[in-house]
Amino acid sequence: MSTAVSTATPRAGSTTSGPRRRRLGSTGIVYLALVGILVVSAGLVAAQGGSFFSQGNLFYLLSQTSLLGFVAIGQTFVILCKSLDLSVGYVVAWSSLVAATTMAGDPSRIWLGVVAALAVAAGVGLVNGLVISKLRVNSFIATLGVGLIIKGYLDTQFKGPSGEVPKAFQGFGYTRIGPVPVSVVVLAVVMVLGVVLLTRTRPGYHMFAVGGNIDVARLSGIRTDRSIILAHVLCSLCAGIAGLLIAARFGTGNALVYTYGYDLNSIAAVVLGGTLLMGGRGSILGTIAGVLILASLDTVFNVLDVSPFFKDVLRGAIIIAAVAMYARRQIDPASSRARFKALAQSVRPGSRGGPGGASSPDPTGPAGPGSAAGPENPSATTGKEATR
């Protein structure tokens with residue numbers, strides 16, 4: 001009795017040596033880079049006879065992380081929607097002044113000051129979102145214009161520090177839970193809420209879809225204007241929290257906070273964390289890693305007493321190298337061919353959803369968890385768009 005042995009010819013470019021290894025994502029890469037920077041920083045400080053992980057250095061690192069982290073988380077929302085917000089620095093300054101002047105040193109007015117500061121911040125975000133989505137003004141110009149309006153108001157009305165923050169609220173800036181500042185705990189809460197919003201809710205999926213391809217998102221039934229407005233409101237709210245933290249640390253409001261460069265530093269942290277400036281792909285976890293990298297560099301530069309000018313040169317070089325690496329991974333020919341093959345198979349005549357002829361969900365339906373317009377595939381096109 002003979003036994004027939006069937007052989008299959010492998011496809012070109014495929015391997016049969018074993019299961020295909022999963023490719024490391026941008027978030028994983030940035031966390032590996034963070035670990036490497038921490039190791040190198042610890043070695044440099046140890047060579048000078050110090051300890052990078054001393055309590056004072058860790059407190060400084062975490063304090064820097066919490067302040068920039070709030071602004072960077074908010075910036076992540078708008079960049080995912082293929083937008084931008086250059087007014088965050090002015091929102092931080094204005095929020096600190098509103099909080100301090102409203103509290104006026106009275107502990108009973110703390111909550112009133114917090115609500116007033118966040119309301120002002122949300123109002124700025126609402127204006128930014130409306131100008132961008134309704135008037136069709138480019139986000140760079142719209143947010144820069146709104147920021148300059150706020151700057152003119154601050155420079156005219158506030159010549160210096162104003163207001164007074166009660167001692168009870170100043171604990172937000174200096175109190176620790178063990179070695180961890182309270183502000184870092186609040187940052188962790190905001191981070192978790194942001195991750196849940198982007199990965200578990202319909203508005204979060206819509207943000208990815210809008211950033212991936214706004215025209216396809218609109219054809220899929222997504223109200224793109226609402227997603228853009230929501231992203232800008234959340235961005236300004238996060239900047240408002242940073243303003244509250246500034247007021248708690250200074251004990252007063254300060255109009256010159258907008259000179260600290262939170263706008264560009266937050267964008268750098270978001271991009272360093274793997275979020276694409278073209279929108280549609282990224283994560284808040286990656287952003288936090290980017291913030292930690294920048295904070296670690298600032299800490300080791302301060303410990304080693306590095307010149308501020310050389311510090312900026314190194315930070316700029318690291319950011320450029322990171323973006324270049326992400327760009328090379330984005331245009332990888334192998335991954336591009338795989339996506340095009342999958343798209344061609346999905347729209348091939350006679351195929352309705354893959355093996356067995358199972359019908360696929362309507363691609364033009366509202367996007368939500370599990371739909372085509374989600375974080376896993378934010379720029380997926382509908383059947384009509386793909387066959388044009």
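A residue is termed buried when its relative accessible area is under 20%, exposed when it is over 50%, and partly exposed in between. These terms are applied below to a predicted model. Tyr262, at 10% relative accessibility, therefore counts as buried, whereas Tyr260, at 39%, counts as partly exposed.

The two tyrosines also belong to the aromatic contacts of the structure, which holds six aromatic pairs. A pair of aromatic rings is described by the distance of the centres and the angle of the planes. In the pair formed by W94 and Y153, the ring centres are 5.6 Å apart and the planes stand at 55°, so the arrangement is tilted. This contact connects distant parts of the chain, since W94 is located in helix α3 (residues 88-103) and Y153 in helix α5, with their positions 59 residues apart. W94 is partly exposed because its relative accessibility is 21%, and Y153 is likewise assigned as partly exposed on the basis of a relative accessible area of 36%. Y260 and Y262 form an edge-to-face pair, with a centre-to-centre distance of 6.0 Å and an angle of 65° between the planes. W94 and Y153 are joined by F158 in one aromatic cluster.

Helix α5, which spans residues 139-157, also contains I141. With a relative accessibility of 51%, I141 counts as exposed. Together with F140, L144 and L148, I141 makes a nonpolar surface patch of about 360 Å². A charged contact occurs in helix α5 as well: the side chains of D155 and K151 meet in a salt bridge with an N to O distance of 3.0 Å. These two residues are four positions apart, about one turn of the helix. D155 is partly exposed, having a relative accessible area of 30%, and K151 is partly exposed at 27% relative accessibility.

Side chains of opposite charge can pair when their charged atoms come close. The count of salt bridges in the model comes to five. One of them is formed by K134 and D225, with an N to O distance of 3.3 Å. The pair links distant parts of the chain, with K134 in the loop between α4 (110-133) and α5, D225 in helix α10 (residues 224-250), and a separation of 91 residues. The partners fall into separate accessibility classes: K134 counts as exposed at 51%, whereas D225 counts as buried at 17%. K134 and D225 are further linked with R136 in a network of salt bridges. Another salt bridge joins D215 and R218, whose closest N and O atoms are 3.2 Å apart. Both residues lie in helix α9 (residues 214-219), three residues apart, which is about one turn of the helix. D215 is partly exposed, with a relative accessible area of 45%, as is R218, with 39%.

Helix α2 (residues 55-80) comprises 26 residues. The distance from its first C-alpha to its last is 36 Å, close to the 38 Å expected at 1.5 Å a residue. Helix α2 bends by about 35° at G69. This helix is mostly covered, with 20 of its 26 residues buried. Just after α2, K82 adopts a positive phi of about 60°.

How values were computed. Residues numbered from 1 in each chain as written. Predicted model: local features only at pLDDT ≥ 70, side-chain atom pairs only at ≥ 80, totals over all residues. Heavy atoms only, no water. Patch = residues over 30% accessible without salt bridge, like charges linked within 9 Å, V, L, I, M, F, W, Y side chains within 5 Å. Areas by Shrake-Rupley, 256 points an atom, 1.4 Å probe, with all protein chains shown as cover. Salt bridge = Lys/Arg side-chain N within 4 Å of Asp/Glu carboxyl O. Buried < 20%, exposed > 50% of the residue type's maximum accessible area, 1.4 Å probe, protein only. Expected span 1.5 Å × (residues − 1). Bend = angle between axes of the 7 residues up to and from the residue. Phe/Tyr/Trp six-rings, centres within 6.5 Å; stacked < 30°, edge-to-face > 60°.
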